[in-house]
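This report describes the nonpolar cores and the cysteines of one protein chain. Please look over the sequence and the structure before reading on.

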Amino acid sequence: MCFDQAKPHPRARVGFHAERQDPSSAGWRRLLELIEEAAEDGREEFRPLVELNAEERRQVITLPPSIASLTAVRHFVLYGSNLVRIPPEIGAMASLEEITPYTSYRLHWFPYEITRCSKLVRSTVSTRALFGNYKLRPPFPRLQHWRDSVADLDLTQLDARRWGTTAIRGCSVCDRPIEQGGLHQVWISLRVATDVLPLLVNACSAACVSALPSGAADYVQLPHAGGSVEQPPSDWD
């Protein structure tokens, strides 16, 4: 569920968006084509949504894993999107220097893998839409209990309302296949490019969680499970 992005409600309950991407929609099919074209021609700026009509843009609620092929893209423009999540494959966009998901008001968090984009130095994000943002300090969704084994969990068909995503493949920290270990989800807020972003970590072990850096200044310093975690005061306090 979305939270009120105009007034602070630090005790409000929030959750993940539960929608699943419809792969049969015209918007999704066109997005796949545009990504393939961009990968083939090696373009450095990628603005896929301007190539879609309004209805097609509404149909796109995430990005496909094939964004990993966009290794030449330096500026990724997702202005005014309907996105509710970005896949961890964004970490493979090795040339990425700037990301612009401004006015994507349903995009409340990012995958930890975005920290692998070592050249990323500029971002334009609607910060009021982010979990834990300094202006309002909205809460974070409560994460599931840690699992030391995922043998009973289909990692390709997850309930996004519970796990934040519909599929988890590799460890956000060490990139080891999750099915070879456990599943330890935590939140960490870090400065990424221009903004402090709430990052969802899908770790394979407690050791990988321990390897995470400290949180950004004026944010929760340790990895946490969301829910009733105590945050620093907001700008409104």
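## Cysteines

Cys171 is buried, and its relative accessible area is 0%. The model is a predicted one. In this model Cys171 takes part in no disulfide. Its nearest cysteine sulfur belongs to Cys174 and lies 3.7 Å away. A disulfide requires the two sulfur atoms to be within 2.5 Å, so a pair at a distance of 3.7 Å is not counted.

Cys117 is likewise without a disulfide. For Cys117 the nearest cysteine sulfur is that of Cys171, at 17 Å. Cys117 is buried as well, with a relative accessible area of 5%. The disulfide count by this rule is 0.

## Largest nonpolar core

The largest nonpolar core holds 50 residues. Within this core, the residues that touch the most other members are Phe76, Phe110 and Leu199. Four elements each give two or more residues to the core: the helices α1 (26-41) and α4 (206-210), and the strands β6 (184-192) and β7 (195-203). The largest share comes from α1, which supplies 5 residues.

## Around Phe76

Which residues does Phe76 touch, leaving aside those up to four places away in sequence? They are Phe46, Pro48, Leu63, Met93, Leu96, Glu98, Ile99 and Thr100.

## A separate core

Another core lies apart from the largest one and consists of 9 residues. Val14, Trp109, Leu143 and Leu200 are among them.

Methods. Residues numbered from 1 in each chain as written. Predicted model: local features only at pLDDT ≥ 70, side-chain atom pairs only at ≥ 80, totals over all residues. Heavy atoms only, no water. Core = buried A, V, L, I, M, F, W, Y, C linked by side-chain atoms within 4.5 Å. Buried < 20%, exposed > 50% of the residue type's maximum accessible area, 1.4 Å probe, protein only. Contact = heavy atoms within 4.5 Å.
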